[in-house]
Protein chains: 2
Amino acid sequence: MMELTRKGEYAIRGIVYLAGKPIDKVCLLSDIAAAVDVPPTFLAKIFQQFSKIGLVKSFRGTGGGFLLGRAAENITLLEVVEAVEGPIIPNRCVVTPSDCERSDFCNVHPVWKRVQGEVRSVLEGVNLKELASKERSDINN
Amino acid sequence: MMELTRKGEYAIRGIVYLAGKPIDKVCLLSDIAAAVDVPPTFLAKIFQQFSKIGLVKSFRGTGGGFLLGRAAENITLLEVVEAVEGPIIPNRCVVTPSDCERSDFCNVHPVWKRVQGEVRSVLEGVNLKELASKERSDINN
DNA sequence: CCCCAAAAAGACTATTTATATCTTTTTAGG
DNA sequence: CCTAAAAAGATATAAATAGTCTTTTTGGGG
Ligand code: SF4
Ligand code: SF4
């Protein structure tokens with residue numbers, strides 16, 4: 001349960017790789033894909049999504065490639081994940097309580113809200129700079 | 001992302017309903033299903049899983065039905081969810097780091113461990129007695 | 001012993017989501 | 001105008017989800 005998809009995993013790998021490069025280094029999709037071990041065509045789709053919302057900047061044609069859209073420390077893991085996976089929704093009633101006519105009196109409902117809050121909070125507390133750094137942020141795996 | 005399946009949602013509804021009944025009241029599957037608005041055949045499958053691990057007790061034949069396997073206050077939401085959805089796994093590397101040869105140096109890995117811990121902790125902090133009570137546990141939805 | 005009620009077990013189906021790949025088009029540099 | 005590279009769109013396959021249906025087992029009561 002609650003499993004990140006391949007798409008999400010690949011998205012993170014790709015953008016973290018970018019975050020580890022100099023801010024002005026334009027990277028080829030093919031290079032990124034090879035470096036992070038992701039099917040290039042799949043990563044292309046993912047980076048198109050990133051590009052649309054400005055998480056990365058893209059340049060076409062000769063000498064083209066990708067750059068981070070903002071400074072790495074200003075991009076949270078939450079943004080990256082939600083960009084490709086959609087919002088964090090432990091149960092549909094957290095987004096539209098009206099879907100379930102039990103939501104008025106349901107004691108489970110607030111629990112899912114709490115789960116959502118906790119997960120978002122963890123992911124929001126991590127930025128791409130930390131993720132890209134060579135220093136292992138956490139000793140205890 | 002991280003969405004509970006119908007199966008999980010139905011499972012919770014069903015067992016919370018049981019938890020709201022007197023401890024010795026044997027409930028018919030058909031009654032439970034009707035009360036919590038779940039397809040009876042689907043709920044049957046779910047309760048079979050519960051029964052196998054002792055979360056509920058079942059009785060066959062005339063006068064048969066279901067009882068809670070233990071006192072409601074001793075069953076956590078985490079147990080219920082994991083019984084039908086499997087363990088809480090935000091990313092496969094949290095269970096088998098060896099799957100990913102990047103796990104040694106990956107800074108994302110510990111984040112997923114943290115997410116897992118937070119979610120489990122929230123779900124473990126809620127028991128069926130609370131969920132079944134008429135009092136709305138949380139004012140702020 | 002026979003009938004009926006109810007859960008258990010297993011096979012089967014349809015729909016949706018995930019995981020890609022392939023082809024064509026657009027953009028840009030030299 | 002040729003080539004490099006991303007964007008867009010169509011297609012394909014596999015797996016998971018969300019059920020249903022049928023048959024079997026178990027137990028109680030007449
Ligand atoms: S029953 Fe409660 S938890 Fe389930 S969908 Fe409705 S409001 Fe949400
Ligand atoms: S790259 Fe990191 S987060 Fe992704 S699967 Fe490997 S260890 Fe886990």
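Helices (H or I, at least four residues) and strands (E, at least two) are taken as DSSP runs and numbered from the N terminus. The structure is a predicted model, in which local features need pLDDT of at least 70 and side-chain atom pairs count only at pLDDT 80 or more, while totals for chains, interfaces and linings use all residues. Residues are numbered from 1 along each chain as its sequence is written, chains are lettered from A and ligands numbered from 1 in the order in which they are written, and side-chain values use heavy atoms, with hydrogens and water left out.

Ligand 2 lies between chains A and B, and α1 of chain A and α5 (109-124) of chain B each supply at least two residues of its shell. Among the residues around ligand 2 (near meaning that a heavy atom lies within 4 Å) are Glu9(A), Arg13(A), Cys93(B), His109(B) and Trp112(B).

DNA strand C is surrounded by 24 residues, the closest being Phe42(A), Arg60(A), Lys45(B), Ser58(B) and Arg60(B). Of the atoms of DNA strand C that come within 4 Å of the protein, 69% belong to sugar and phosphate. The largest share of this surface, four residues, is contributed by α3(B).

Polar contacts are pairs of N or O atoms within 3.5 Å; within protein, one must be able to donate a hydrogen and the other to accept it, and residues adjacent in sequence count only if both atoms are side-chain atoms. A polar side-chain atom of Ser58(B) lies 2.8 Å from a phosphate oxygen of DNA strand C, and a backbone N or O atom of Arg6(A) lies 3.0 Å from a phosphate oxygen of that strand.
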